[in-house]
Amino acid sequence: MTNYNEEVATPLGEGFVQVRGTPFDLNGSPFLFNGFNSYWMMNVATEPADRNKVSDVFREAFAAGLSLCRMWAFSDGGDHALQISPGVYDELVFHVIRL
């Protein structure tokens, strides 16, 4: 059984959010956020004509007070797959999810 009050984080260095017990921590201070999940963003970002939708969503999220987006970056096979075959990844998809 895990005691969630124990500090179990491995120091990652400055600028990385970590977990200390159950709260999030950034550079030794509590990290609080309002955020959203985006399951579609990776696929939309791979289409040059649609990339403006990603920027629009971030502008709207910022205006609504959201400070964090968790983008789901997985897709095996099919259209705009991140992993195009076992152990082989599409560099274009990696590039657009880093933008």
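# Briefing on a predicted protein chain

Of the 99 residues in the protein chain, 17% are buried. The structure is a predicted model. The chain holds three helices and seven strands, and along the sequence these follow the pattern β-β-β-β-α-α-β-β-β-α. Among contacts with a separation of 6 or more, 43% join residues that lie 24 or more positions apart.

**The open sheet**

- Three strands form an open sheet in the order S1-S2-S3, and their pairing is antiparallel.
- The edge strands are S1, residues 17-19, and S3, residues 29-30; each of these two strands pairs on one side only.
- In general, the strands of a sheet pair through backbone hydrogen bonds, in either a parallel or an antiparallel sense.
- Between S2 and S3 the antiparallel pairing extends over two bridges.
- Leu26 stands opposite Ser29, a residue of S3.

**Asp25 in strand S2**

- Strand S2 covers residues 24-26, and Asp25 is part of this strand.
- Asp25 counts as buried because its relative accessibility is 9%, where the limit for buried residues is under 20%.
- A polar atom of the Asp25 side chain lies 3.2 Å from the backbone nitrogen of Gly28.
- Leaving aside residues up to four places away in sequence, Asp25 touches Phe16, Val17, Gln18, Arg20 and Phe31.

**Asn27 and the loop between S2 and S3**

- Asn27 is located in the loop between S2 and S3.
- The phi of Asn27 is positive, at about 55°, although Asn27 is not a glycine.
- As a general rule, most residues other than glycine have a negative phi.
- With a relative accessible area of 45%, Asn27 is partly exposed.

**Gly15 before the first strand**

- Gly15 belongs to the segment before S1.
- Gly15 counts as exposed because its relative accessibility is 52%, and the exposed class begins over 50%.
- Not counting residues up to four places away in sequence, Gly15 touches Leu26 and Asn27.
- Gly15 and Asp25 are 10 residues apart along the chain, and their C-alpha atoms are separated by 10.0 Å.

**Aromatic rings**

- Two aromatic pairs are found in a search of the whole structure.
- Phe31 and Phe33 form a tilted aromatic pair, with 5.5 Å from centre to centre and 35° between the planes.
- Ring pairs link Phe24, Phe31 and Phe33 into a cluster.
- Within this cluster, Phe33 counts as partly exposed, with a relative accessibility of 35%.
- Phe31 also appears among the residues that Asp25 touches.

**The largest nonpolar core**

- The largest nonpolar core has five residues in all: Met41, Val44, Ala45, Val54 and Val96.
- Helix H1, which covers residues 41-45, gives the largest share of this core, with three residues.
- Val54 touches Trp40, Met41, Val44 and Ala45, not counting residues up to four places away in sequence.
- Met41, Val44 and Ala45 are thus named both as members of the core and as residues touched by Val54.

**Helix H2 and the residue after it**

- Helix H2 runs over residues 51-63 and has 13 residues.
- From its first C-alpha to its last, H2 reaches 19 Å, close to the 18 Å expected at 1.5 Å a residue.
- Gly65, just after H2, takes a positive phi of about 85°.

**Phe74 in the loop between S5 and S6**

- Phe74 is placed in the loop between strand S5, residues 68-71, and strand S6, residues 83-85.
- Phe74 counts as exposed because its relative accessibility is 57%, which is over the 50% limit.
- Phe74 touches Met42 and Leu82, not counting residues up to four places away in sequence.
- The C-alpha atoms of Phe74 and Tyr39 are separated by 9.0 Å, with their positions 35 residues apart along the chain counted as the distance apart.

Note on methods:
Residues numbered from 1 in each chain as written. Predicted model: local features only at pLDDT ≥ 70, side-chain atom pairs only at ≥ 80, totals over all residues. Heavy atoms only, no water. Helix = DSSP H or I, 4+ residues; strand = E, 2+ residues; numbered from the N terminus. Buried < 20%, exposed > 50% of the residue type's maximum accessible area, 1.4 Å probe, protein only. Polar contact = N/O pair within 3.5 Å; in protein donor to acceptor, adjacent residues only side chain to side chain. Contact = heavy atoms within 4.5 Å. Phe/Tyr/Trp six-rings, centres within 6.5 Å; stacked < 30°, edge-to-face > 60°. Pairing = 2+ DSSP bridges. Core = buried A, V, L, I, M, F, W, Y, C linked by side-chain atoms within 4.5 Å. Expected span 1.5 Å × (residues − 1).
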